[in-house]
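User: Please take a close look at one part of this model for me. I'd like to follow its charged pairs, starting from a single helix.

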Amino acid sequence: KRNFRTRVHRRLRRSNVRARYVRETMPELPEVESARCLVEAHCIGAKVTKVEFNEDGSFDEKIFKDVERKAFVSALLNKTLTAAHRRGKHMWWDMSGGADSPLFHFGMTGAFSIRGKGAMKYKAFVVDTSNWPPRFAKLVVTFDNGIALAYTDPRRFGRIRLVHGDVTASPPVSELGFDPLLAMPDETAFASHFARRGGPIKSVLLDQTIAAGVGNWIADEVLYHSRLHPEQPAKSLTPAQLRDLRDAMEGVIKTACDAGADAEMFPDDWLFHHRWGKVAGEVGGEPIQFITVGGRTTAFVPKRQKKTSEKPAAGVKAEPKKRGAENDEPSKAPAKKAAVKRAPAKKVVAKKAPAKKAPPRKPMAVAATRSLRARV
């Protein structure tokens, strides 16, 4: 009977945990950058003296992806943490005298906390810092300077790996696109990433092989400030719209990182403060609407974010095709080329063709983007 009651209690506790985290923000680039800064501030130069696992001492094989307990302990124990790196939503440590680096992906609810020093911040829940080890701890690392760091993950969607050698040369990090905080491309290179993508711009922004670290709330915020409709085909964006998109992405991410991913420090005029829970509301006096784009809940402001022409934009060069790169061009493209060749035979069509070209759009003024750059 006691064992039965224990099992029921555990199931109820887990169901309550799942319900509590349904609407939370997943860790995106700013949240992971705040974790990296936490490690850099307290753990760099310290030697690992103890490596522990679950609250009950067991080893979570779901969290530790393709890693054996003994190998992970060996990679950290008695090694000095010399650097903490990040690309997109992935973070890894350099350990002195070791060939293997621990690589962290925080999934949906993964977080770092340091005993007596603080923890990562999320909008919808608070990481436990009142107990040690904290609830849902999957890994606790103790250093010789007295610092103890814990990785917690209630929903267990995060992953911890060991990567041998150069982390940036091995998957999954090698498969990531540019990091908007660390290596934002120039305007031409940035535009080339979108020139062949026929999907909605919201879905393209979430593609980690393009912009690593951009997640759902960042994509919505960036599109809001650049006045782009989330369903606008990526390859239809004009050079002016792409410049606005780049400026908004750079401004939003830098502002969020400078605030330590603390939502209370984000500017008051951000969509972020009004987009959660699909609750009808408004921002700047304009109604917010919720739609689903690419399977993801999307918040946008129809009065501000309107669809423009869906034809491929002129003056935007596509990046060179890479091996295995996806081709988003319609499969009937060759047939269209043949039709163009026959057009000269029809004099009427040939004469009208030049008139169909729309005059170039004037660069879109993006007041919010300018305000972001002013704050940054």
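Analyst: Happily! Glu33 and Arg86 are both buried, a word that here stands for under 20% relative accessible area, with exposed for over 50% and partly exposed for anything in between (1.4 Å probe, protein chains only). The model is predicted, so local features need pLDDT of at least 70 and side-chain atom pairs count only at pLDDT 80 or more, while totals for chains, interfaces and linings use all residues. Residues are numbered from 1 along each chain as its sequence is written, and side-chain values use heavy atoms, leaving out hydrogens and water.

Glu33 and Arg86 meet in a salt bridge, with 2.7 Å between the closest N and O atoms. Glu33 sits in helix H2 and Arg86 in strand E2 (residues 81-87), 53 residues apart, so that distant parts of the chain are linked. A salt bridge needs a side-chain nitrogen of Lys or Arg within 4 Å of a carboxyl oxygen of Asp or Glu; the count by this rule is 13. Helices (H or I, at least four residues) and strands (E, at least two) are DSSP runs numbered from the N terminus.

H2 itself is mostly covered, with ten of its 14 residues buried. Among them are Leu29, Val32, Arg36 and Val39. Its length also agrees with expectation: at 1.5 Å a residue, the 14 residues (29-42) should span 20 Å, and the end C-alpha atoms are 20 Å apart. That expected span is 1.5 Å times one less than the number of residues.

Two other pairs make useful company for Glu33 and Arg86. Asp220 forms a salt bridge with Arg275, the closest N and O atoms lying 2.5 Å apart. Asp220 belongs to helix H6 (residues 216-225) and Arg275 to the loop between helix H7 (239-258) and strand E10 (282-283), so this pair ties together parts 55 residues apart in sequence. Both Asp220 and Arg275 are buried.

Glu231 and Lys307 also form a salt bridge, at 3.4 Å from N to O. Glu231 is in the loop between H6 and H7, and Lys307 in the loop between strand E13 (296-300) and helix H8 (333-342), so parts 76 residues apart in sequence are tied together. Glu231 is partly exposed at 31% relative accessible area, and Lys307 is partly exposed at 41%.

Back at the starting point, salt bridges with shared partners join Glu33, Arg36, Glu40, Arg86 and Asp179 into one network.
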